[in-house]
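Please open the structure in your viewer and keep the sequence panel beside it. The tour below suggests one selection after another and says what is to be found at each stop.

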Amino acid sequence: MTTDHLPTHRASTHTPNTTRDGSPGSATDRLTQEVLRRFELTPDPRLRDVMRSLIEHLHAFAKEVKLRPEEWLLAMKTLEETGRWCAPGRNEFIIFSDVLGLSMLTVMQNAASPPGATEATVMGPFLVEGAPQFAMGADISAAAVGTPLHAQGRVLDLQGHPVANAVIDVWHSDERGLYDVQDGFEENGAWARGQFTTGADGHWRFWSVMPVDYPVPQDGTAIELLRATTGRSMRPAHLHFRIVAPGQQPLVTHLFDRLSTVLTEDAVYGVRPTLVVDFRRHDGGTAPDGRPMEGHWCALQHDFVLTGV
Ligand SMILES: [Fe+2]
């Protein structure tokens, strides 16, 4: 790799044969400095800062591992293939971000979690905008297969007041470990997915089926990376929630089943102890909404506490 083809920027205070601090550098260092000099032209200050850091770290990484041409080409082809796996309801790039811990790192360093507020976690790759809207208490399971689950709780602010007009998106797997978007979404439509809006009491409740521990998608590029590296691809059983309410910060989070056997090895590092809750197992009896039940069913109760803007 040489810098022979790179033009000299007359406006620059540096010459192409020096590093940023003016000292002589290697050809690869001079390349890095030239790239940095060009991106210093970026008008937007935040974008300029982000690109400067990205280039510095990316080049340092390539130098540290002495990136080989065939490895670079494999990475480019993997990115191309990853794009092919993306479709409405599935973003394979997010799965890559998730399994590299980048998604959770971004959540952790940006989430304002004052004491008492519900912790955020990763969004995951399967959020669908414009999910079907349901009346509170409805059954969203549709074509989902599994043990009946009744879930309910409240949306509260930090002072403990109910939050009205909170729009709650919920989505989760069925007992096969699949999401609707992995199972003929175009033909079958949404299942185990819905949107609710809270009333003045802040209550939310719905029927669906129990989620189970499941592996990240077995048919994309992210799983190929995991198979070649950690070998850990399981996610603990969980429900996804996104809650958007007036005067509150949006919350994207999960509720995890305390009886999951893989809580300590989540493939996307999303488990927070405060988000591990009891999905109570029942056999017959009466559900919280008065429905007589036969056989096995589960019940979940949890309050979400939002942080004000
Ligand atoms: Fe999930």
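**Starting on helix α5**

Select α5 and turn it until the side away from its buried residues faces you: that face carries the exposed residues Thr106, Gln109 and Asn110. Now rotate to the other side of the helix, which spans residues 102–110, and pick out its buried residues, Ser103, Met104 and Val107. Viewed down the axis of α5, these buried residues fall within an arc of 90 degrees, so they line one face of the helix. To see what they pack against, add α4, residues 92–99, to the selection.

**The whole chain**

Zoom out next, and bear in mind that this is a predicted model. Colouring by confidence is a useful step here, since the mean pLDDT of the protein chain is 92 and 92% of its residues reach 70 or more. Residues 1–18 call for caution, as pLDDT stays under 50 throughout that stretch, for which the model has 24 contacts beyond four places in sequence.

With the chain shown as a cartoon, you should find 7 helices and 12 strands, and the C-alpha trace spans about 80 × 40 × 35 Å along its principal axes. Of the 309 residues in the chain, 31% are buried. Among contacts between residues at least 6 apart in sequence, 68% join residues that are at least 24 apart.

Colour the two domains separately: domain 1 covers residues 1–67 and domain 2 covers residues 92–305. Their centres, taken over C-alpha atoms, are separated by 44 Å.

**Helices α1 and α2**

Move to domain 1, residues 1–67, and select helix α1, residues 27–39, whose 13 residues reach 19 Å from the first C-alpha to the last, close to the 18 Å expected at 1.5 Å a residue. The buried residues of α1 are Arg30, Thr32 and Gln33. They cover an arc of only 155 degrees around the axis, which puts them on the same side of α1. What covers these buried residues includes α2, so that helix is the next selection.

How far apart are the end C-alpha atoms of helix α2, residues 45–64? They are 28 Å apart, which agrees with the 28 Å that its 20 residues should span at 1.5 Å a residue. Of those 20 residues, the number buried is 0, so α2 lies largely in the open. Just beyond the helix, stop at Lys66, whose phi is positive, near 50 degrees.

**Into the nonpolar core**

Return to the whole chain and display the largest nonpolar core, which has 53 residues; those with the most contacts inside it are Val99, Val155, Ile168, Ile243 and Leu306. Centre the view on Leu306 and show its contacts, which, leaving aside neighbours within four places in sequence, are Ala117, Val155, Asp157, Val163, Ile243, Ala245, Gln248, Gln249 and Leu251.

From there, go to Asp303, in the loop between β11 (292–301) and β12 (304–305). Asp303 counts as partly exposed, because it has 15 C-beta neighbours inside 10 Å. Draw a distance from Asp303 to Val155: the two are 148 residues apart in sequence, yet their C-alpha atoms are 5.8 Å apart in space. Beyond its neighbours within four places in sequence, Asp303 is in contact with Gly153, Arg154 and Leu156.

Then select strand β7, residues 238–244, and find Arg242 within it. Arg242 has 18 C-beta neighbours inside 10 Å and therefore counts as partly exposed. Its contacts, again setting aside neighbours within four places in sequence, are Leu127, Asp169 and Val252. The last of these, Val252, is 10 residues away from Arg242 in sequence and 4.4 Å away from C-alpha to C-alpha.

**Two alanines with positive phi**

Finish with two backbone details in loops. Ala142 is found in the loop between α5 and β1 (148–156), and its phi is near 50 degrees, a positive value in a residue other than glycine. With 17 other C-beta atoms within 10 Å, Ala142 is partly exposed.

For the second, select the loop between α6 (185–188) and β3 (193–197), where Ala192 is found. Ala192 has a positive phi of about 50 degrees although it is not a glycine. Is Ala192 buried or exposed? It is buried, with 25 other C-beta atoms within 10 Å.

Technical notes: Residues are numbered from 1 along each chain as its sequence is written. This is a predicted model: local features need pLDDT of at least 70, side-chain atom pairs count only at pLDDT 80 or more; totals for chains, interfaces and linings use all residues. A nonpolar core is a set of buried Ala, Val, Leu, Ile, Met, Phe, Trp, Tyr and Cys residues joined through C-beta atoms within 7 Å. A residue is buried if 20 or more other C-beta atoms lie within 10 Å of its own, exposed if 12 or fewer, and partly exposed in between; C-beta atoms are placed from the backbone. Two residues are in contact if their C-beta atoms, placed from the backbone, lie within 7 Å. Helices (H or I, at least four residues) and strands (E, at least two) are DSSP runs, numbered from the N terminus. The expected span of a helix is 1.5 Å times one less than its number of residues. Domain bounds come from an automatic or database domain assignment. The arc is that of the directions from the helix axis to the C-beta atoms. pLDDT is the predictor's confidence in each residue, from 0 to 100.
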